[in-house]
Amino acid sequence: MLIEKGVITNQTDLTNHPFEMILLNKNHLDQIKELQSTVIEGLKDKTLCVYLTDEELVEILETSGLAVGVLVAEKLVAFFSVLYPGAREDNLGLDIGLSKGQLMKVAHMESAFIHPDFRGNHLEERMINHLLASAKHDIEWRYLLATVSPYNYPSVKAALGANTVIVDLKFKYNNYWRYIFFQDNQNLISVDDSDTVPVLNTDLDKQLELLKQGYLGLKVAKSEEGFYIHYGKKR
Ligand SMILES: CC(C)(COP(=O)(O)OP(=O)(O)OC[C@H]1O[C@@H](n2cnc3c(N)ncnc32)[C@H](O)[C@@H]1OP(=O)(O)O)[C@@H](O)C(=O)NCCC(=O)NCCS
């Protein structure tokens with residue numbers, strides 16, 4: 001199903017290309033796996049991104065999720081998905097103490113993969129917006145959760161742009177640091193943003209301390225050293 005059409009720039013040779021953003025189905029599985037491998041192989045820091053297993057990809061495409069992709073000349077150059085984890089033991093609702101009933105209403109924003117040539121077009125943020133709008137009609141989910149590395153500025157920005165806030169910072173997936181992003185779509189978390197505390201993304205101790213005191217991460221701002229997360233108290 002076609003979601004959006006437009007033109008994007010190949011950052012390697014600066015040529016413009018027409019693209020189509022579509023909802024993906026199981027026929028796209030091989031293209032998704034190929035794109036995922038290209039992206040993971042090209043990562044300088046392999047701890048930034050956890051890939052989706054074949055089983056998870058099939059689950060997303062066939063039963064418990066939704067995926068959007070961007071095609072340029074019929075080739076998949078970007079992919080982003082939502083998974084409804086239900087009774088799975090990696091349901092992120094377990095990390096934040098949701099009850100059994102609440103776990104069934106969780107949606108995970110999964111990893112985004114964009115071909116190196118087509119980064120720089122803000123495709124992650126654009127795919128999230130369409131994905132969440134489409135997912136709204138899909139199942140009755142209420143709680144949106146995601147994990148992102150504290151060293152991954154584009155994905156932190158995209159997750160905060162999707163209206164989630166940082167509620168925790170902890171070791172996940174083979175001891176990699178991850179922010180936990182959360183939002184309750186029926187009872188939006190509201191944070192006092194008049195008096196926020198900016199903390200550099202690499203200062204994990206300070207962020208852990210603030211989160212322990214009940215602060216939530218709500219904004220991101222780039223800086224020369226990295227980026228600052230602005231923490232505020234729940235209203
Ligand atoms: C993360 C990813 C999906 C984002 O791609 P994208 O949507 O094309 O992002 P863009 O390049 O348009 O950048 C978005 C913002 O991040 C910034 N950015 C991009 N790469 C950056 C980097 N390596 N360091 C710092 N900032 C960076 C851009 O300057 C831009 O900032 P702005 O919005 O404040 O102007 C893509 O880089 C990717 O596939 N990376 C490898 C896999 C990965 O890490 N996936 C996510 C976690 S699993």
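Visitor: Which elements each supply at least two residues of the lining of the largest pocket?

Guide: Bear in mind that this is a predicted model. Both helices and strands turn up on the list, and α5 is the one that gives the most, with six residues. The full set is β4 (75–83), β5 (106–109), β6, α4, β7 (143–148), α5 and β9 (176–184).

Visitor: What volume does the largest pocket have?

Guide: Rolling a probe the size of a water molecule over the atoms shows where empty space is left. For the largest pocket, that space comes to about 1,200 Å³.

Visitor: Which lining residues are closest to the centre of that pocket?

Guide: There are 50 residues in the lining, and by class they divide into 27 nonpolar, eleven polar and twelve charged. Of those 50, the closest to the centre of the pocket are Cys49, Ser111, Ala112, Asn152 and Ser155.

Visitor: Where is the ligand, then?

Guide: Cys49 and Ala112, named just now for the pocket centre, are also among the residues that come nearest to the ligand. That fits with the space the ligand takes, which is the largest pocket.

Visitor: Which element gives the most to the shell around the ligand?

Guide: Three elements give two or more residues to this shell: β6 (113–114), α4 (123–136) and α5 (153–161). With four residues, the top contributor is α5.

Visitor: How many residues of the ligand shell are charged?

Guide: The shell is made up of 20 residues, with Cys49, Ala112, His122, Tyr153 and Lys157 nearest to the ligand. Ten of the shell residues are nonpolar and six are polar, and the number of charged ones is four.

Visitor: Which side chains have an N or O atom 2.7 Å from an oxygen atom of the ligand?

Guide: Arginine 119 is not one of them, as its side-chain N or O atom is 3.5 Å from a ligand oxygen. The 2.7 Å distance is found for the side chain of histidine 122, and again for that of tyrosine 153.

Visitor: What share of the ligand's exposed area does the protein bury?

Guide: Start with the ligand taken alone, where it exposes 930 Å². With the protein in place, the buried part of that area is 72%.

Terms used
Residues numbered from 1 in each chain as written. Predicted model: local features only at pLDDT ≥ 70, side-chain atom pairs only at ≥ 80, totals over all residues. Heavy atoms only, no water. Near = heavy atom within 4 Å. Polar contact = N/O pair within 3.5 Å; in protein donor to acceptor, adjacent residues only side chain to side chain. Areas by Shrake-Rupley, 256 points an atom, 1.4 Å probe, with all protein chains shown as cover. 1 Å grid on protein atoms, 1.4 Å probe; cavity = no way out; pocket = protein on both sides within 12 Å on 5 of 7 lines; lining within 4 Å. Sits in = over half its atoms within 2 Å of the grid points. Nonpolar A, V, L, I, M, F, W, Y, C, P; charged D, E, K, R; others polar. Points joined across faces, edges and corners; volume = space filled by probe spheres on them.
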